[in-house]
Amino acid sequence: MMKKKALSDKYPIGQLVRSRQGRDQNRLYIVTAVGDRNLDAADGTKWTVSNPLHLQKINIRMDAEITDADIVKIIQTFENRKENQEDK
């Protein structure tokens, strides 16, 4: 008998996900924490790391549309912000 995958195995912290239902349908989020039946996600604007959105497993899907170039751009943006904050 095959063992059911844990939610944290399917949606690790840092995973890009997209909401499938509700007012936030099709919005992108980054997973910030994983529980037994739901996960916390943030978009950095309305839903932050300190005030995350609580998503149920059935309302999310992994977003396969992200590319390596997208990842590089996100990391570069983060690094540039970090450097700008240190200069102040």
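# A guided tour from tryptophan 47

Select tryptophan 47, which is partly exposed, with a relative accessible area of 22%. This residue sits in the loop between β3 and β4. The structure on the screen is a predicted model, and every stop below should be read with that in mind.

With tryptophan 47 still selected, display its surroundings. Leaving aside residues up to four places away in sequence, tryptophan 47 touches Tyr29, Ala41, Ala42, Pro52 and Leu53. Now pick one of these partners, tyrosine 29. Although tyrosine 29 and tryptophan 47 are 18 residues apart along the chain, their C-alpha atoms are separated by 8.7 Å.

**The whole chain**

Next, select the entire chain and show it as a cartoon. The view should contain two helices and five strands. Followed from the N terminus, these elements appear in the order α-β-β-β-β-β-α. The chain has 88 residues, and 22% of them count as buried. Its accessible surface comes to about 7,200 Å², with carbon and sulfur atoms contributing 51% of that area. Consider also the contacts with a separation of 6 or more: residues 24 or more positions apart account for 35% of them.

Colour the chain by confidence. The mean pLDDT is 77, and 74% of the residues reach 70 or more. Where is confidence lowest, and where is it highest? The lowest value belongs to strand β5 (residues 60-62), with a mean of 62, and the highest to β3, with a mean of 87.

**Into strand β3**

Select aspartate 40, which is found in strand β3. Which side chain of opposite charge is nearest to aspartate 40? That side chain is arginine 37, 14 Å away; aspartate 40 is buried yet has no salt bridge. Turn next to histidine 54, whose side chain is joined to that of aspartate 40 by a polar contact of 2.6 Å. Histidine 54 is also one of the residues that aspartate 40 touches; beyond four places in sequence, the full set is Ile30, Val31, Thr32, Ala33, Pro52, Leu53 and His54.

**A charged pair between two loops**

Move on to aspartate 43 and show its side chain together with that of arginine 27. These two residues form a salt bridge, and their closest N and O atoms are 2.5 Å apart. Aspartate 43 belongs to the loop between β3 (38-42) and β4 (53-56), and arginine 27 to the loop between β1 (16-19) and β2 (28-34), so the pair ties together parts that are 16 residues apart in sequence. The count of salt bridges comes to one. In general, side chains of opposite charge can pair when their charged atoms come close.

Are the two partners buried or partly exposed? Aspartate 43 is partly exposed, with a relative accessible area of 21%, and arginine 27 is partly exposed as well, at 36%.

**An unusual backbone angle**

Stay in the loop between β1 and β2 and select asparagine 26, which has its place there. Asparagine 26 has a positive phi of about 70°, although it is not a glycine. Its relative accessible area is 43%, and it is partly exposed.

**The last stop: helix α1**

Finally, select serine 8, which lies in helix α1 (residues 7-10). Serine 8 counts as partly exposed, at 40% relative accessibility. To end the tour, add leucine 39 to the selection. Serine 8 and leucine 39 are 31 residues apart along the chain, and 8.7 Å separates their C-alpha atoms.

Key: Residues are numbered from 1 along each chain as its sequence is written. This is a predicted model: local features need pLDDT of at least 70, side-chain atom pairs count only at pLDDT 80 or more; totals for chains, interfaces and linings use all residues. Side-chain values use heavy atoms; hydrogens and water are left out. A salt bridge is a side-chain nitrogen of Lys or Arg within 4 Å of a carboxyl oxygen of Asp or Glu. Helices (H or I, at least four residues) and strands (E, at least two) are DSSP runs, numbered from the N terminus. Buried means under 20% relative accessible area, exposed over 50%, partly exposed in between (1.4 Å probe, protein chains only). Lys and Arg count as positive and Asp and Glu as negative; His and the chain ends are not counted. A polar contact is a pair of N or O atoms within 3.5 Å; within protein, one must be able to donate a hydrogen and the other to accept it, and residues adjacent in sequence count only if both atoms are side-chain atoms. Contact means heavy atoms within 4.5 Å. pLDDT is the predictor's confidence in each residue, from 0 to 100. Accessible areas come from the Shrake-Rupley method with a 1.4 Å probe; for residues, only the protein chains shown count as cover.
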